[in-house]
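Opening the notebook on a new model today. I'll jot down what I look up as I go.

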Amino acid sequence: MSPKIVVLTGAGISAESGVPTFRDADGLWEGHRVEDVATPEAYDLQPITVHRFYDARRAALAAVEPNPAHRALARLEDALGDDLTLVTQNIDDLHERGGSRRVVHMHGELLAAWCRACSARVRWTGELADLPPCPACGVTELRPDVVWFGEVPYHMDRIAMALAEADLFVSIGTSGAVYPAAGFVQQAARYGARTLELNLEPSEGTMWFREARHGRAGDLVPAWVDEVLAQLG
């Protein structure tokens, strides 16, 4: 019987593909204060500025590619199917391009737009700064379908159920500082799951993991996946 595994990925896994991490050392997010581009209040105050920020990030995705960690997790999905729940805090599409088909985007997706008028969610690869009409209702109320500070992450019930059933919880490339994701390790452990951290360096939550391995995700994740697949025989 296959183990039930929940994997959480964060900015560190995408950073190895060239995607900028959440905040720079100076506290700025790609040259912007987080409060100016990642809150509902910022969007209400200056929507064009926010749109241009995400338009640039969306366009930049074309210049990056999945790395060995993304592809290894796709191999794990091929072996485990529904027994693997892959949750990501990242809004890029590198997991999908790496071959994963069941990705749970708890913070939304950069390549999607949400209409504030009719609540339609649509695939979006172009710009939003020119305020295009919603394909569903025609109203010009499309915003990036991403979770901003002060908003509730997506799929929390589904994630909670997976954590309750998990035999193993693995955190990859996360800071351990952003909640609710930072609390998943304790939640899984309370239900009896083994816990493993794979991170470039100790995170703020390393103390909560039964085991921690530190180094590049592109090295650690394929090696760990090989271990799991060997155990499955």
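Is His155 buried, partly exposed or exposed? I looked it up: His155 is partly exposed, with a relative accessible area of 39%. Worth keeping in mind throughout that this is a predicted model.

**Entry: the loop before α7**

I stayed with His155, which sits in the loop between β6 and α7. Its phi is near 60°, a positive value, and the residue isn't a glycine. I flagged that since most residues other than glycine have a negative phi.

Pro153 is in this β6-α7 loop too. Is Pro153 buried or exposed? It counts as buried, at 14% relative accessibility, because the cut-off for buried is under 20%. Then I checked what Pro153 touches beyond its neighbours within four places in sequence, and got Met106, His107, Val147 and Pro180. Met106 is 47 residues away along the chain, yet its C-alpha is separated from that of Pro153 by 5.3 Å.

Pro180 from that contact list deserved its own look. I found it in the loop between β7 and α8. A cis peptide bond joins Tyr179 to Pro180, with omega at about 10°. Most peptide bonds are trans, so I noted this one down.

**Entry: another positive phi**

I went on to Ser119, in the loop between β4 (108-115) and β5 (121-123). Its phi is near 70°, again positive in a residue other than glycine. Ser119 is partly exposed, with a relative accessible area of 44%.

**Entry: helix α7**

Next I took the helix itself, residues 156-165. Which residues of α7 are buried? I got Ile159, Ala162 and Leu163. Looking down the axis of α7, I see these buried residues fall within an arc of 100°, so they line one face of the helix. That spacing made me recall the usual rule: an α-helix has 3.6 residues a turn, so residues three or four places apart point the same way. On the face of α7 turned away from the buried side, I found the exposed residues Asp157 and Met161. As for what covers the buried residues, I listed β1, β2, β3 (103-105), β7 and α8 (184-190) among the elements involved.

**Entry: the nonpolar cores**

The largest nonpolar core has 22 residues. Which of them touch the most other members? My list reads Ile5, Val7, Val170, Ile172, Val221 and Trp224. At least two residues come from each of β1 (5-9), α5 (68-80), β2 (84-88), β7 (168-172), β8 (194-199) and α9 (217-232). The biggest contributor is α9, which gives 6 residues. I then followed Val221 outward: leaving aside neighbours within four places in sequence, it is in contact with Ala69, Ala72, Leu73, Ile172 and Leu198. Apart from this core lies another, of 17 residues, including Ala38, Tyr43, Leu94 and Val146.

**Entry: strand β8**

How many residues of β8 are buried? I got 5 of 6, so the strand is largely enclosed by the rest of the structure. On its β7 side, 5 bridges join the two strands, which run parallel. Val170 stands opposite Leu196 there. Towards β9 (residues 211-214) I found 4 bridges, and this pair runs parallel as well. Asn199 stands opposite His214 in β9. I also checked the crossover: β7, α8 and β8 make a right-handed β-α-β unit.

**Entry: two buried residues with polar side chains**

I picked Thr9 in strand β1. It is buried, at 0% relative accessible area. What does its side chain pair with? I found a polar contact of 2.8 Å to the side chain of Thr88. Not counting residues up to four places away, Thr9 touches a longer list, including Leu73, Leu86, Gln89, His95 and Ile172.

Last was Glu77, which has its place in helix α5. Glu77 is buried, with a relative accessible area of 2%. Where is a polar partner for its side chain? One of its polar atoms lies 3.0 Å from the backbone nitrogen of Arg102. Beyond its neighbours within four places in sequence, Glu77 is in contact with Leu84, Gly99, Ser100, Arg101 and Arg102.

Notes
Residues numbered from 1 in each chain as written. Predicted model: local features only at pLDDT ≥ 70, side-chain atom pairs only at ≥ 80, totals over all residues. Heavy atoms only, no water. Core = buried A, V, L, I, M, F, W, Y, C linked by side-chain atoms within 4.5 Å. Buried < 20%, exposed > 50% of the residue type's maximum accessible area, 1.4 Å probe, protein only. Contact = heavy atoms within 4.5 Å. Arc of directions from axis to C-beta. Polar contact = N/O pair within 3.5 Å; in protein donor to acceptor, adjacent residues only side chain to side chain. Pairing = 2+ DSSP bridges. Right-handed = clockwise from strand over helix to strand, strands pointing away.
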